Structure formats: structure tokens, C-alpha cells
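This briefing is for a reader meeting the structure for the first time. It goes through annotated spans, salt bridges and surface patches in turn.

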Amino acid sequence: MGLLSDPNRRKALTGLLTRLNTPICIVCYLAGIVWFMGLAFEPFTLRTYMSENAMGSTMVEERFSSGERALSLAKEFDAHKRKAGGMPVEWLVKAMQSRGLEVFTQSFSRKLPFPDENKERYMVRGTNVYGILRAPRAPRTEALVITAPCSPGNTNNQAVALLLALAQYFRNQIYWAKDIIFLVNEHDLIGTQAWLEGYHHTNITGMEYSPLQGRAGSIQAALSLELSSDVITSLDLVLEGLNGQLPNLDLANLFYAFCQKLGVLCTIQGKLQRNDWDTAEGYTHAAQTMMLMVLKQACGRSWGDHGLFLRYHIEAASVRGINSFRHYKTDATTIGRLLEGMVRKLNNLLERLHQSYFFYLLPSLSRFVSIGYYMPAFGLLAVILLLRVSFPGLCHCFSVSLQPSSPGVLTVLTPVVISHLTGVALYLLPVHLQEMAVEHFPVSETEAVVLTAIAIYTAGLALPHNTQRLLSGEGTEQGWKVLKLTALLYLAVLLGCTALINFSLGFILAVTLVPITASITPHMPKALYAVVMVLLSPAFTILYCVFIYQELIEAPVSVSEGWMLFLSVISQGILDHALYGSLVYPLLALFIYPCWLMFWNILFWN
Amino acid sequence: KTVCDLNLSSVLMNSNLVHRADSFFLATKMAAPLTLLLIVAVTIRAVLFRSSWAELISERVEVVSPLNAWKRVVEGLALLDLGVSPYSGDVFHETPFMIYLFHFVVDYAEIVFMVSPDLVFCLSRFLTSLKQKYALESDRYPADCLELLRSPKEMFYIPLKVAMFYLLNPFTILSCVAKSTCGLNNAIIALFILCTLKGSALLSGILLALATYQSIYPLTLFAPALLFFLQRLYIPVNLRRSSFWFFTLQYAFIYVGSLVVITGLSFFLLGSWDFIPSVYGFIFSVPDLTPNIGLFWYFFAEMFEHFRLFFICVFQINVFFYTIPLSIKLKEHPVFLIFMQIAIISIFKSYPTVGDVALYMAFLPAWSHLYRFLRNIFLVSCVLLACSALFPVLWHLWIYAGSANSNFYYAITLLFNFGQILLVSDYFYAYLRREHHLTHGLYLKKKDGTEATLVLK
């Protein structure tokens with residue numbers, strides 16, 4: 001408080017901040033980037049360790065041995081799937097019943113807001129089949145879920161078959177203290193969403209589904225299984241869920257521990273772990289793995305069936321088999337044992353997984369970066385906004401603008417309101433105007449939605465400052481300062497909240513938005529800065545992310561392919577919002593974009 | 001002394017004349033914006049009442065507390081209708097008056113909640129009476145301080161600004177849409193302030209008793225109200241003067257008498273004393289530890305049970321303790337003291353909500369002449385804004401996502417209260433500094449002629 005009440009020291013502090021404002025900001029920005037890149041350097045990260053007592057000390061013995069039977073089941077399932085031309089519900093119900101499970105089905109239907117061209121679906125109608133193995137040793141108040149999506153075509157048969165084989169094996173064991181639910185869902189995430197909503201009696205996305213007839217206790221954890229070949233070379237763990245939510249780190253630790261025990265190759269983001277952290281290649285590898293995680297988390301979609309469970313406070317992860325035709329092979333029995341081990345450990349849980357971290361980044365499966373280590377990287381970027389806000393000229397404007405009679409407030413209010421109305425248009429119009437667009441232009445519905453979104457985005461660049469000039473005449477010197485102050489504060493709060501919910505998204509937005517927003521004034525060369533601002537706008541950020549992502553998964557694309565991918569990313573983003581309630585699209589359309597428009601306004605102030 | 005008195009009375013007459021001419025001019029000039037403001041405020045509320053947000057808002061812990069949640073009022077009413085004492089469960093904690101009020105107007109509840117903040121808007125009128133005081137002051141102070149005094153033109157807009165700060169404050173709107181009974185309590189306190197400033201000791205005493213009956217804490221407003229009346233009647237605060245004691249006893253009698261009558265009436269309404277432990281016991285002993293924007297819940301959830309009584313005393317004393325030093329320091333400025341007391345109550349009370357915060361924030365435009373002396377107002381506004389945005393985010397992470405925990409939420413609560421305390425102390429310091437400048441001149445010089453700075457220690 002001495003600093004706050006002693007005027008001399010305050011004067012010294014503000015003097016220092018004013019004189020060195022720009023150098024401090026530049027140093028902060030660079031330090032933020034360097035800090036973030038340093039997170040992938042192994043000595044700066046922590047080794048993962050099992051925090052949960054119930055899963056730590058008691059090693060279980062895995063005896064699952066019917067891997068071969070699972071593979072023959074897979075063939076049978078495949079045949080029935082072909083015959084039924086979709087999910088073979090009858091066969092699955094019989095197969096589960098014959099293995100001693102209580103079997104129920106749930107039908108659901110959902111009309112997408114516009115056709116999904118990636119997966120070629122519009123009116124979705126399907127059935128979930130699930131069987132419950134009742135726990136013989138405990139009062140059935142808790143449950144675990146193993147799920148395998150029934151995908152179209154040839155994929156994922158082995159996963160469903162392994163699920164059935166596991167059910168048969170588990171049925172004969174007596175140590176289960178939690179009910180185990182085996183779920184085969186159709187239409188991947190839509191089926192999972194319908195089942196979860198039915199299980200928890202909620203309806204948040206307007207899905208139509210029949211109520212569940214059989215239920216178990218509160219679900220503690222869930223594993224989603226994706227296997228498409230008889231033998232695999234490695235198992236990949238997928239953690240990123242809806243809105244960038246992650247399961248408890250102990251679930252990843254559990255997977256890693258069993259992979260080590262059974263000698264299965266395990267990857268994360270499809271990347272193997274390397275031991276040469278002190279070489280440049282080793283560091284680059286870790287950095288790439290972490291960047292992939294950041295990009296996947298930032299886009300806020302669910303990267304596997306597990307991602308929707310997280311919203312219901314259920315720790316979940318997807319285990320994906322990868323067959324890359326290397327020499328190292330793992331058979332279905334070993335995968336079955338691995339799952340048996342994981343489920344038995346989860347069965348031992350006395351309370352929900354909560355001991356370990358929920359906020360982390362993984363440069364490799366055995367190393368993690370916790371929130372305390374990565375937040376400073378964001379903090380260093382966010383503090384630039386606050387430093388620019390505390391710029392004394394702006395501070396003075398603030399006290400002036402407190403008087404409602406002064407013109408400051410009104411001149412600021414107009415651009416703020418107009419920017420936000422543009423944002424609302426960007427959020428509402430693409431989906432609502434698709435019919436009209438299809439009528440008048442030779443495009444499909446999906447293209448209509450995406451192109452309308454891009455058109456509104458571009459139109460927004462022209463609209464606000466023109467309207468504002470029309471309404472209130474020439475902008476004053478004080479006016480833009482007040483507007484900049486408002487916009488900086490708004491952006492700081494916005495990015496702070498975003499980074500808390502989804503660190504990666506907040507960080508990526510901060511990296512691109514902070515430099516230009518911190519330095520913008522109307523007195524700069526307009527054309528040059530307009531180009532720079534557009535190149536650093538949210539839409540271009542998405543475009544860069546698409547290219548970087550393709551580069552990182554070692555599937556680089558040409559510019560035109562990248563553009564097509566960019567369009568499909570936008571349509572997927574809008575669909576994810578409508579279908580599962582992903583928040584990235586509304587966040588960008590309703591808040592980030594209007595905020596960016598406010599800075600755009602400042603550039604063209606007079 | 002007589003000369004001085006004569007001088008004073010002539011100035012008073014003068015200013016009265018000016019005032020009358022002004023007020024006619026003012027009334028016509030202010031009516032339009034005030035009506036517009038009212039229409040805007042009511043429209044916002046009506047729209048929100050009808051929207052799907054209303055339900056969401058009424059569940060927010062920042063907006064409703066166990067004391068004033070509408071859900072609990074409905075529960076109490078249902079029990080009352082069944083002929084059971086509404087206090088028989090552990091759900092209902094309103095006073096008997098409140099439940100009987102809603103018993104009759106439950107169908108019009110929305111209208112009641114819409115009207116109640118508008119009552120507070122009466123508050124905005126109070127500054128007309130302050131105006132004369134400032135007009136008087138202008139003679140007495142050194143010439144260079146004239147820029148510190150408010151010109152009548154500035155004063156015109158203050159009622160409008162106060163009304164705007166209250167009616168359009170998002171905190172008030174949220175609290176109103178959630179149908180939190182906090183709005184009614186605020187209306188009672190506002191009416192009390194209005195009656196006090198209009199100089200009606202009887203009404204002021206009765207309304208203060210009603211406010212105390214509603215939520216105990218306004219008890220501390222007794223001191224500023226008394227000081228105001230003493231000042232108004234030119235009675236010096238002197239313990240050896242009989243006139244001082246006579247008036248104090250008179251006011252205390254009105255206050256205590258009406259308190260006794262109100263409590264007695266409640267007893268006859270319900271036929272039992274159930275409401276005493278259920279309302280006042282609930283406020284004092286803090287049994288409900290639902291998270292809110294206050295300081296109590298986390299502390300008492302973490303505490304060992306056998307220290308509970310001690311710490312309850314420590315926490316509750318905070319509200320009442322500051323009355324004594326503040327009354328001594330601000331005995332010449334009872335209106336500012338009222339503001340300080342209301343702010344302290346809303347920070348340190350056991351179940352605070354954003355509605356309480358809105359009440360003292362409505363006073364801020366009344367001290368617009370202090371802006372030039374405020375030092376941290378920018379920092380404080382940033383902190384309060386950021387906290388308001390972070391409350392729902394961290395609540396989401398804690399309760400829905402399950403990834404954060406109560407420590408994250410409490411950290412923001414602490415920051416929010418830190419901001420509030422900084423705000424109040426900043427205003428206090430600015431007020432004292434203005435008084436200092438009024439008596440010593442605006443541009444202080446050190447003995448050697450250089451510019452001096454004031455340091456608060």
C-alpha cells in the first residue's frame with residue numbers, strides 16, 4: 001500500500017512506466033514468446049507421476065487372452081454391418097445379451113443446420129446400443145464407460161469386437177465394484193451426445209432422442225476405443241475435448257504406465273517420445289508435439305468421442321490404434337490387456353479423479369507443463385495491454401470520460417455498438433440466410449454458409465468507421481484515445497477469460513492480436529497498417545493455424561488446398577457450435593471480431 | 001457572531017431565491033431526460049424478465065444470496081399457504097413483513113421488483129438540499145479554492161447522474177431481474193436517506209428501524225443520521241450540552257420505539273418468535289456457506305469448528321467497528337458518512353450480493369467534485385470490471401468443468417473486495433484532502449516556497 005499512497009513513489013513509478021513504455025512492451029512480448037517456446041525444453045518441464053493413491057501402488061495382473069476371438073468377431077461384425085447397411089442393431093443386441101449384459105438401445109435423430117460435407121450427412125438418424133455389466137461387489141452407485149464408435153465403411157470393426165470380447169471376459173470376473181457400461185454409438189459424436197444427454201436428462205443442443213431405459217450410477221471415467229486393423233504399431237492417446245477441456249492428467253499417466261508395463265509403443269499427437277532432449281532435433285520434436293496439442297486444444301472441438309464426456313464432469317480419453325506398417329507390432333490380446341489393466345485401476349478408484357492436474361500441456365507423454373508454468377507466458381502478453389492502458393495520456397482521458405456530459409462517451413459508444421452489431425450479424429446471418437443464398441447463387445448450402453460468413457466479415461471492415469463518421473462527424477483527438485482505452489481494457493479482460501477456459505486459444509489470439517492492438521494510432525501510415533491489421537485479424541489467424549497444423553502433422557498443403565481446408569474449418573466450427581455447443585465460433589464472432597473492429601476504427605479515426 | 005449570523009442568513013435568503021428560480025428552470029429541463037431514463041431502465045428489465053436469461057440470472061450466486069433469493073420467498077409463501085410456519089424449514093430467511101407483502105402481491109411480483117429500484121431513484125432528489133450548503137460555503141474559503149466548489153450548473157445534473165448510475169448499473173439490473181429482495185431493501189434505505197435529507201426526523205427514524213428490521217446492518221446508519229439532524233438544527237456535538245442529549249434521546253426513542261413496534265407487529269402476524277433465530281440468527285451466525293462475493297464463506301468452510309464463534313465475532317465486528325472512528329472523523333459531513341457506512345456494510349456483510357454494491361455505487365456521481373483527488377480510480381475500475389467478468393468464468397470452471405476449484409473463485413472474491421475497499425478508501429482520502437485544501441488553499445507551498453505534496457500517513 002505504500003506504493004499506492006505515497007505520491008512521490010507513485011510519481012517515480014508512473015514516470016518509469018511512461019518513459020520506458022515501448023521498450024518494456026517489446027521485451028514483454030518477446031519474453032512471452034520465448035517463455036512459451038521454452039516450455040517444450042525438457043529441463044523446464046516436470047516428469048509425470050501418478051497422484052491418485054487408489055491407482056498407484058496396487059499393480060493389477062492382466063489375464064485377458066481372447067484377442068484372436070475378438071478378431072474373428074470383428075469379421076462377423078463387419079459382415080453384419082455390410083448386410084444392414086449401417087449399424088447391425090439386432091446382432092449387437094444379441095451379441096451383448098449372450099455375453100450376459102443388460103442391453104438397451106436408444107434411438108436419436110438430428111437435423112443439422114446445414115449439410116456437413118466432410119462427413120456427408122444432413123438428416124441424421126441412428127441408434128445407440130449399450131450393455132451394462134452390473135457390479136457384483138458394490139452398491140452400483142458408480143459406473144465406468146467403454147465406448148466404441150460404429151463408423152461407416154471398414155473402419156473401427158476391431159474396436160467394437162474388442163469391446164465385446166472384453167465384455168465377455170469382464171463378465172466372468174468377480175472384482176468389479178463399479179458398473180461397466182459398454183456403449184456402441186452410431187454417427188460418432190452425435191450418437192455420444194444423444195446418449196450422454198439421455199443419461200443425464202439434459203437437452204442442451206436440441207437433439208431428439210428416446211429416453212434411456214437402463215441406467216447405472218454416476219459415471220466416473222470413460223475410455224473411447226478406435227481400432228481399425230488387426231495388428232497395430234502404436235497406440236495414440238487423444239485428450240483434447242470440447243472447448244479445449246482436458247481430462248485429469250492421471251488418466252494419461254495411467255495409460256502411459258500400462259504402455260510401459262506391457263511394452264506397447266505409445267504416442268501422443270501421433271508422435272513418439274524421444275530421449276535426446278539435449279539435441280536440436282529432440283527439442284524441435286517436443287516443441288512440435290506441444291504445438292500440435294496447443295492447436296488442437298485451441299480449435300475447441302472434440303477430437304474423439306471422449307471429448308463430450310468431459311462436459312459432464314467425467315474424465316475421459318480416446319485410445320486410437322495406429323498401423324503405420326513398421327516392424328514393431330502389437331496384437332489385439334495385448335491391447336485387450338492394456339484396457340483390462342486400465343479399467344481395473346479405474347475400478348479401484350474411491351473418489352473421482354481429482355488429485356492431479358486439469359490444466360496442462362504435454363510436450364511428450366512422460367513430461368508435462370502445468371498451469372503455473374505456462375500462464376506466465378500468457379501473462380507477459382496480457383500485461384502489455386495493461387501497460388498500454390496505463391499510458392498516462394489514456395489515464396487522463398479516463399477521468400475526463402467519467403463525466404457523462406463530455407463528448408467522449410458518445411463518440412466511443414457509436415463504434416462499440418456498431419462493431420458489436422456486426423459481430424451479431426456474423427454470428428446469426430450465415431446459418432439463417434443460407435436458403436436465400438442458395439436461391440440466388442450457384443452454391444451448395446455449406447458453401448453458402450461459409451461464404452456468407454466471409455462476406456460479412458469483409459463487409460464489417462468497411463462498415464463501422466463509415467457509419468460512425470456519418471453519425472458523429474469528424475473524430476476528435478480525445479475520442480480515439482478513449483476508444484483505444486476501452487478497446488484495450490475489453491481485449492485484456494476478454495483474452496484473460498478465454499485463456500482461463502482454453503489457454504491455447506487465448507494464447508494464440510494474444511500472440512496475433514496484442515502487437516498490433518498495442519501500437520495502433522490514427523497517425524500511422526494508413527495503407528501499410530491496414531494491411532498489417534488485416535493480416536493479423538482473427539480470420540487470418542485461423543488460416544495460419546490451418547497451415548501450421550498441416551505442416552506439423554507432416555502433411556503440408558498447397559495454398560489452394562489450404563484455402564479449401566480453411567473453408568471446411570469454418571463450416572466445422574459453426575457445426576460444432578450448433579451440434580455440441582462448442583464456444584469458439586460465438587467467442588470469435590460476438591467478442592473477438594468486434595473488439596478487433598474497434599481497433600480497426602481507431603486506425604481510420606479521422 | 002451576530003454579524004456572521006446576519007451574513008449567513010442573508011446569503012441563505014439569497015441562495016433560496018436563486019434556488020427557487022433555478023428549480024423551476026431545472027424541473028422543466030430535467031423532466032425529459034429523467035423520463036427517458038426511466039423508460040429505458042424499465043424496458044431493459046421488462047425485456048430481460050421475458051427472456052430465457054431470467055432463470056439463469058436468478059440462479060447466479062453473485063446475484064442472489066440465501067437471504068434474498070426469490071426461490072426461497074416462493075417456498076416460504078407455499079409453507080404459509082399450507083398453514084405451516086414458513087420458518088420451519090431451513091430455507092426461508094425473509095422477515096415476516098416481507099412474506100406478507102408478497103403474500104398479497106405475489107401475482108404482481110415482477111411489477112414490484114420493477115418499481116422498487118425506481119423508488120431508489122427518489123434518492124436522486126436529495127442533492128437539491130445539499131446545494132444550498134455549497135452555496136453558503138463559497139464565501140468562507142480562500143479565493144483559489146473556488147474551482148473546488150461545485151458550480152450550480154454541475155449540481156443540476158447530479159440527480160440525473162445518480163439515477164443513471166443506479167438504474168442502468170448492470171449490477172442493479174441483474175439483481176432486479178433475479179427478483180432478489182435486495183432491491184426492496186435498497187429502496188427502504190434510499191427512502192430513509194431521502195427523509196433524513198429532507199429533515200423529517202420522525203420518518204427517518206421509522207424507515208431506519210424498518211431497514212434495520214430487514215437486515216440488521218443498517219443499524220450503523222443511526223450515527224450519520226443523528227449527526228445530520230444535529231447539524232441541521234445547529235446543535236453542536238457536545239456531551240455537556242443538554243440540547244444535544246435531548247435531541248439524541250428523542251431520535252433514539254423514535255428509532256427504538258418503531259423497531260419494537262415493528263418486531264411486535266411481526267410477532268402478532270405470525271404468532272411466534274420463530275423469525276428471530278431464522279432471520280437474525282441466520283445473518284449473524286452464517287450457517288449457509290454457499291459461495292458468494294463476500295469474504296465469509298471460504299473462511300468458515302475451511303475453519304475448525306471450535307474457532308467458529310471467535311471468528312464470527314471478528315468478522316461481524318468489522319461492519320460495526322468502523323462506525324466509531326468514521327463518525328468522529330466525519331462528524332461535520334454526515335452525508336459522506338452515510339455513503340461510507342453503506343459501502344462498508346456491503347463489503348463486510350455476511351451475505352453480500354451485487355445489488356448491495358450497486359446501492360453505494362449510485363452515490364459515486366454525488367462526489368464527482370472529488371475526481372481530481374482520486375488516485376486509484378482507474379486501477380479500481382479495471383479490477384472491478386475484470387472481476388465481474390471473471391466471476392462467471394471461474395464459477396464455470398469450478399462447478400461445471402470441474403477443472404478449477406474453490407480457491408480460484410475465492411481468489412477473485414478477494415480481489416473484488418480488495419477493489420471495493422480501495423475504492424472506498426480512495427474516496428475517503430479524496431474527501432479529506434478536499435477539506436484540507438478548502439481550508440489551506442489549493443496550491444500548497446512548503447516553507448521554502450517550493451510546491452508541497454500531501455502525504456497520507
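**Annotated spans, charge pairs and patches**

Residues 20-41 of chain A are 82% helix and 0% strand, with their end C-alpha atoms 31 Å apart. The model is predicted. Across all chains, the whole structure holds 18 salt bridges.

**Spans from the UniProt record**

- An unreviewed UniProt entry annotates residues 20-41, 371-389, 409-429, 449-467, 487-516, 528-550 and 587-605 of chain A as "transmembrane region".
- One of these annotated spans, residues 528-550 of chain A, is 91% helix and 0% strand. The end C-alpha atoms of residues 528-550 lie 29 Å apart.

**Salt bridges**

- Side chains of opposite charge can pair when their charged atoms come close.
- A:Asp78 and A:Arg82 form a salt bridge, with an N to O distance of 3.3 Å. Both residues belong to helix H5 (residues 67-84) of chain A, where they are four residues apart, about one turn of the helix.
- A:Arg82 is exposed because its relative accessible area is 56%, over the 50% cut-off. Its partner A:Asp78 has a relative accessible area of 14% and is buried.
- A:Asp116 and A:Arg121 also form a salt bridge, and their closest N and O atoms are 3.9 Å apart. A:Arg121 counts as buried at 11% relative accessibility, and A:Asp116 is buried with a relative accessible area of 4%.
- Between A:Arg134 and A:Asp179 there is a salt bridge whose closest N and O atoms are 3.2 Å apart. A:Asp179 lies in strand S5 (residues 179-186) of chain A and A:Arg134 in the loop between strand S3 (121-133) and strand S4 (142-150), so the pair ties together parts that are 45 residues apart in sequence.
- A:Asp179 counts as buried, at 0% relative accessibility, whereas A:Arg134 is partly exposed, with a relative accessible area of 21%.
- A network of salt bridges links A:Glu102, A:Arg134 and A:Asp179.

**Negative surface patch**

- Six residues make up a negative patch on the surface: A:Glu117, A:Glu120, A:Glu435, A:Glu439, A:Glu445 and A:Glu447.
- At least two residues of the negative patch come from helix H16 (434-440) of chain A, and at least two from helix H17 (445-472).
- A:Glu447 sits in helix H17. Its relative accessible area is 38%, so A:Glu447 is partly exposed and passes the 30% cut-off for patch residues.

**Nonpolar surface patch**

- A nonpolar surface patch consists of A:Val531, A:Leu535, A:Tyr544 and A:Ile548, which together have about 320 Å² of accessible area.
- Helix H20 (526-535) and helix H21 (538-552) of chain A each contribute at least two residues to the nonpolar patch. A:Val531 is in helix H20.

**A contact between distant parts of the sequence**

- A:Lys481 is placed in helix H18 (residues 477-501) of chain A. With a relative accessibility of 26%, A:Lys481 counts as partly exposed.
- The C-alpha atoms of A:Lys481 and A:Ile602 are 8.5 Å apart in space, while the two residues are 121 residues apart in sequence.

Methods: Residues are numbered from 1 along each chain as its sequence is written. Chains are lettered from A and ligands numbered from 1 in the order in which they are written. This is a predicted model: local features need pLDDT of at least 70, side-chain atom pairs count only at pLDDT 80 or more; totals for chains, interfaces and linings use all residues. Side-chain values use heavy atoms; hydrogens and water are left out. Patches are made of residues with over 30% relative accessible area and no salt bridge: like charges are joined within 9 Å, nonpolar side chains (Val, Leu, Ile, Met, Phe, Trp, Tyr) within 5 Å. Accessible areas come from the Shrake-Rupley method with a 1.4 Å probe; for residues, only the protein chains shown count as cover. A salt bridge is a side-chain nitrogen of Lys or Arg within 4 Å of a carboxyl oxygen of Asp or Glu. Lys and Arg count as positive and Asp and Glu as negative; His and the chain ends are not counted. The place of a charge is taken as NZ of Lys, CZ of Arg, CG of Asp or CD of Glu. Buried means under 20% relative accessible area, exposed over 50%, partly exposed in between (1.4 Å probe, protein chains only). UniProt positions are given in the numbering used here, feature names are shortened, and annotations may be inferred rather than shown by experiment.
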